[in-house]
Amino acid sequence: MPQRRRDGRPSRPARRGKPGRRLRPGRRQAPPDGAYDRRVPQYLGNVIAGSFQDELPATNSWTSRFPEEFRARRGYDLLDQLPALFRQGDRQAAKVRTDYYAVRTELSEEALFKPLRAWHESRGMLLGADPTHPARSGYPTQSTQIYTDYFRTHRWYSAAGSDHEGDSKIHSSMAHLYGHDRVWIEAFHSSGWGGTLEETYDWLLPFLRSGANLYNPHASYFGTAGGWFEWAPPSTDWRQPYWKQYPAFSRAVSRIASIMSWGTYSAEVAVLHPTTTAQALLPLDLPIDHFGDGQVGGGHEDLDETQRNYLRLCGTNNWFRTRVGELDRQRVAFDVVDDDSLQRADVAAGAVHVAGQRYTAVLLPSASVLEEGTARQLIALLDAGGRVVVVSRMPSFSAGMDGDDSVIAELAAHPRLERVTDAESAAKAVAGLTGYATGDVPLLVRRSGAEAVALVTGAFPNASAHPLRDAPQGTWEDHDFDPGCYAPVSTVRVDAVVAEAEVWNPATGTRQAADITVTGQQSTIRVLLDGAPAAIVVWREGEAPLTAPEAPSPATVATDLSSGWYGRLVPTMDNTWGDLALPAATPVDRLQIWSFTWQNGDAEQAARATYGNRVRVLGPVPAERAPAALDRDAVERILAGERPLVDDDAAWEVSLYSSSRGAADPGRGTLGHKGLVNEEFIHVGRPGTGMVSRIRAIVETDRLGAAELIVGAAAGKRLWWNGVELPTGDGYLTSARIDIDQRLNVIEYELSDAEIHVGLGTPAETGTLGSFFCLTRPGEFSPRPQFMRLPPAVRPDGQVTYRARVHLQQDATEGVLIVGSATGVTTFLDGAVVARQERVEYYGSAWAATPDYFRHNLGLEAGEHLLEIVADSTQTRDVVYVDLVARTSSSVVTLVSGPGWEAETGGWRGRSIEHRGRWAELQPCHATVRPHPLHGTTWLHGAPALGTTVDAIHVTDDIAPAPQQLRTTLPAGAVSLHLPLRLGARVLLDGVEQRLDGTAHPAHPTGG
């Protein structure tokens, strides 16, 4: 499957193939198509220790072969029962659905998961995973919708796990039940650059206690583009000032991961993952709730109750929205168990025995539908003296058309079956089954014979408050980590006589003997934490130890350290490759100050260097209430200083931007800068139907004469230059030829009917619309690709072909083609297949159909070439994006998508039209560097390869000169100051004017 790049840039070519390949049984080729075995076989299993699957899209729900496979595996024709897949409330329909999901699971295992595991295992490689959200948290409803049967598909990963938005308990349970040593945890994206190693260690503790033992820092970026790549920070590596101290953190995590993978996990309680119930209650056409609370609503009360009770029992580690489960509140160790593990288990002596685990109690979270084999094992457990506790809704019937409902009835009528009303009551009902060892906080305990270890945390779940987000897609101002939450002392109670015990500090590597108190056949170990975030307690059973005399406390000496300190700035970051400043190797040993307090008249506000361009924005407002556009007379009066640019009583606001760095706030939907300055540097309120937003500014330019005025926005437009309305089209870009005969000019434009689509870079709650404008020499802005689609009246018949031709005078030295689409696409060049890129379902229920982009390198000879894009399309709104750039020894030739391509579907032939809507900016998807609307961005992007840099302009909202005062606080120890100024200025230090010769020299080092 094609892999999506999170930074928004195009991926490499997708494999050729056909839709639905993941449900085609019998495929056993080495993924991906043997490329690793051909190219780097000597590194597999050593240098390349494993692979990691990030957010695998949903398993396929249907293929052309599915009915045949279903008939062969279940003995009846699914086509006769198709309505059952979409119908609620009918027992027979529910049984058909469980059969459907069972076959879909088997085919998914055979086509993808088993071969993938076998390939890695035969090469001695780990296979890790972070599944799609919220399946990675084990949500029964969504994990079933996405992966059909979460346990049966993901048990094939040798290091199943998640990022920090998932849950480690369900994945460590998989490891316990299927013999895996490793449980993956990928963390902590989007936590910001400022997190310390101390905080990161604390954030990890809940995941480690839940069984994670393979930590993958997110992320280590290859480059950070002069400090301008900030997507999902941090990058916990050599770019951080704490890099020299990182080994201490790494050793602490490694010690916990290593020691806590020793022995066998100790727990007596298992919670059945209610997969079968979810399968029975889930119609296929139910949308997937990726980022909400997981509750479906709308007549699906039983399904919601099952999910709610499961999550309340087990909780979730989701770092943004941690939810403590009721079993943890009772300090009951537990596993999540699946149907297959129960069915292959031995039942004896009042317990279920499977894969070295021993469970004396199984909890059923509103599991009203069970596999027959599971029910039989639960009956056997009750007969053997074990416990089965039903939470709320009772089991009522068996899965599958051939499932025996009488077995479920026998279980429901068993005299030893227990039933409670809610998750809290269930946890209290098994509170006595705390297991072999328990403590003041929930423990992770592992055993081997008479020896055992426990991970004891200083706080539960850790020393950070939760939730970190107030809304599913929200953010927060700062972390609230408080090391004062760590307890000085904790205890571990063991249901055995302990002969000796030690407390190991994973952060320091120190070990010390622990005090043991034995009462009868139970022992209490005193764990001296001294404020440590976590400790590992190690003990051995045996004869009760002799009481040892307390060691005398060491003498203490108090020293006053409040004064006498000196400091100097010590660079701790390496800019050899331009990670922090450009060009590469630029010194970064001078502290830069970009933030100031700006005073203009009596008003003060925060300001940043270079963000001095001021634009006025209004709206959205009803179109009939929008102010009249400025006419020529009004413009003349504004430029003469006789009237203001806007009426301040009309709710106009100021929008600031930098000519080199763009918008002051690009919006959190982009998850930070991605090594590019966004083209859309003016943000206004997003105008809906009947509403408009207005932009107005004074433009200063030194270049007079013929020019091209460019305005870009995913909206309808009206445009005025010096009070004269200019023609605009219907597309994203508007271009108008003008003659500039004065340095000061007024631009005004109006936006309406915004077309912003929800996607990875644009959250659903986005209330703003981006736009840009620039001046350039005529014809120098260069052709740009736009989305294209069919005319509104044309309905595609399942396939749409777009055609265009490109002519080269010489052989191309380089040819780059980028193709984007939200549907499957096959690209042809001169009738030959270039590549097949499949549709990528990346959170489609939340973000709808979002285009993905793929890059292809072409060999192009002189002459005419026919490019054809064949899209799998059933909707008129389906779009295609194409950017072809071919370089010869003497020219650059382009072919870009937009209106006017030949288009064909069914019996219709005509021309494509432009789709002006946007999911995110297209700049990252260009095949080469084009002119940026801001003239000062070459520091980051370099000079354009097509066209020329746009004109340098300065933009303001007032032509009247006025004194500007900027004030900042210098850091302690500053002895000199360099001020790059474009205008004359006076400089004062602590109120004393300084000689301005390029450097201000304070008489004494500053103290703050």
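This note goes through several local features of a predicted model, from single residues to strands, helices and cysteines.

1. A267 lies in the loop that runs between β6 (264-265) and β7 (269-272). Although it belongs to a loop, A267 has a relative accessible area of 7%, and because that value is under 20%, A267 counts as buried. Leaving aside residues up to four places away in sequence, A267 touches A333, F334, R358 and Y359. As for a position far along the chain, A267 and G685 are 418 residues apart in sequence, and their C-alpha atoms are 55 Å apart in space.

2. T556 also has its place in a loop, here the one between β25 (534-541) and β26 (595-600). Is T556 buried or exposed? With a relative accessibility of 75%, T556 counts as exposed, since the term applies over 50%. Between the C-alpha atoms of T556 and P67, which are 489 residues apart along the chain, the separation is 79 Å.

3. Strand β20 (residues 489-494) is joined to strand β17 (residues 437-439) by 3 bridges, and the two run antiparallel; within this pairing, T438 has R493 in β20 as its bridge partner. β20 also pairs with strand β24 (residues 522-528), again in the antiparallel sense, over 6 bridges, and here the bridge partner of V489 is L528 in β24. β20 is thus paired with β17 and with β24. As a reminder for reading side chains in such an arrangement, those of a regular strand alternate between the two faces of the sheet.

4. Helix α4 (residues 140-147) and helix α10 (residues 301-314) have axes that come within 8 Å and cross at roughly 110 degrees. How are α4 and α10 oriented to each other? The two helices are roughly perpendicular, because a crossing angle of 65 to 115 degrees falls in that class. In their contact, P140, T141 and Q142 of α4 meet L303, Q307 and Y310 of α10. Sorted by class, this contact of α4 with α10 has 3 nonpolar, 3 polar and no charged residues.

5. The cysteines deserve a separate comment. A disulfide is a covalent bond between the sulfur atoms of two cysteines, and with a cut-off of 2.5 Å between sulfur atoms, the count for this model comes to 0 disulfides. For C774, the closest cysteine sulfur is that of C925, at 20 Å, which is too far for a bond. C774 counts as buried, with a relative accessibility of 1%, and C314 likewise counts as buried, at 6%.

Methods. Residues are numbered from 1 along each chain as its sequence is written. This is a predicted model: local features need pLDDT of at least 70, side-chain atom pairs count only at pLDDT 80 or more; totals for chains, interfaces and linings use all residues. Side-chain values use heavy atoms; hydrogens and water are left out. Helices (H or I, at least four residues) and strands (E, at least two) are DSSP runs, numbered from the N terminus. Buried means under 20% relative accessible area, exposed over 50%, partly exposed in between (1.4 Å probe, protein chains only). Contact means heavy atoms within 4.5 Å. Two strands pair if DSSP finds at least two bridges between them. Axes are lines fitted to C-alpha atoms, for helices over the stretch in contact, and angles run from 0 to 180 degrees between N-to-C directions. Angles under 35 degrees count as roughly parallel, over 145 as roughly antiparallel, 65 to 115 as roughly perpendicular and the rest as oblique. Ala, Val, Leu, Ile, Met, Phe, Trp, Tyr, Cys and Pro count as nonpolar, Asp, Glu, Lys and Arg as charged, and the others, Gly among them, as polar.
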